[in-house]
Amino acid sequence: MVELEATCRNHTDRTDTIQVPRNHWYEYLKGARVQDVFPYLSLQGREVIISQKMPYAYLCQECWDEMGEEE
């Protein structure tokens, strides 16, 4: 297993952590789409995965919820 974490860009005190199988992590790093490799993760879990390549872009669930309310 590989443990990954992401800290919200708006709330630096909020960090989400997930564990994924190492072989799935390597498959993603080689270019597979996150939704194909991790269909069992929630959308927020997939955001943690994506944030490993773009850590400045991660938003916690509360921030996502607030963005949805503005629409």
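## A strand pair to start with

Glu3 stands opposite Gln19, a residue of β2. This is a predicted model, so keep that in mind as you turn it around on screen. Glu3 belongs to β1, and β1 has two distinct faces: Val2, Leu4 and Ala6 make up the covered one, while Glu3, Glu5 and Thr7 sit on the uncovered one. The β1 and β2 strands run antiparallel, with six bridges joining them.

## The overall layout

Stepping back, the protein chain has four helices and two strands. Follow the sequence from start to end and the order reads β-β-α-α-α-α. The C-alpha trace spans about 35 × 25 × 20 Å along its principal axes.

How many of the residues count as buried? Out of 71 residues in the protein chain, 31% do. As for contacts between residues at least 6 apart in sequence, 39% of them join residues at least 24 apart.

## What fills the core

The largest nonpolar core is made of 18 residues. Leu4, Ile18, Val20, Trp25, Phe38 and Ile49 are the ones with the most contacts inside this core. Five elements, namely β1, β2, α1, α2 and α3, each give two or more residues to the core. Which element gives the most? That would be β1, with three residues.

Trp25 is a handy residue to click on here. Setting aside neighbours within four places in sequence, Trp25 touches Val2, Leu4, Val20, Phe38, Ile49 and Gln52. Two of those partners, Val2 and Leu4, come from the covered face of β1.

## An aromatic cluster

Now for the rings. The structure holds three aromatic pairs. One of them is Tyr28 with Phe38, an edge-to-face pair with 6.2 Å from centre to centre and 65 degrees between the planes. This pair links distant parts of the chain: Tyr28 is in helix α1 (residues 22-29), whereas Phe38 is in the loop between α2 (34-37) and α3 (43-50), ten residues apart. Tyr28 has a relative accessible area of 7%, so this residue counts as buried. Phe38 is buried too, at 0% relative accessibility.

Phe38 also pairs with Tyr40, again edge-to-face, at 6.1 Å centre to centre and with 70 degrees between the planes. Is Tyr40 buried or exposed? Neither label fits, because its relative accessible area is 45%, which makes Tyr40 partly exposed. Put together, Trp25, Tyr28, Phe38 and Tyr40 form one aromatic cluster.

Tyr28 has one more partner worth a look. The charged end of Lys53 sits over the Tyr28 ring, 4.3 Å from the ring centre.

## Two salt bridges

The count of salt bridges comes to two. In one, Arg14 pairs with Glu62, and the closest N and O atoms are 2.6 Å apart. What does this pair tie together? Arg14 lies in the loop between β1 (2-7) and β2 (15-20) and Glu62 lies in helix α4 (residues 61-70), so the bridge connects parts that are 48 residues apart in sequence. Both ends are partly exposed: Arg14 has a relative accessible area of 30%, and Glu62 has one of 36%.

The other salt bridge is between the side chains of Arg33 and Asp36, at 3.0 Å from N to O. Asp36 is found in helix α2 and, with a relative accessible area of 48%, is partly exposed. If you want to place Asp36 relative to Gln52, the two are 16 residues apart in sequence, and their C-alpha atoms are 17 Å apart in space. Gln52 is also one of the residues in contact with Trp25.

Key:
Residues numbered from 1 in each chain as written. Predicted model: local features only at pLDDT ≥ 70, side-chain atom pairs only at ≥ 80, totals over all residues. Heavy atoms only, no water. Phe/Tyr/Trp six-rings, centres within 6.5 Å; stacked < 30°, edge-to-face > 60°. Buried < 20%, exposed > 50% of the residue type's maximum accessible area, 1.4 Å probe, protein only. Lys NZ or Arg CZ within 6 Å of the ring centre and 35° of its normal. Salt bridge = Lys/Arg side-chain N within 4 Å of Asp/Glu carboxyl O. Pairing = 2+ DSSP bridges. Core = buried A, V, L, I, M, F, W, Y, C linked by side-chain atoms within 4.5 Å. Contact = heavy atoms within 4.5 Å.
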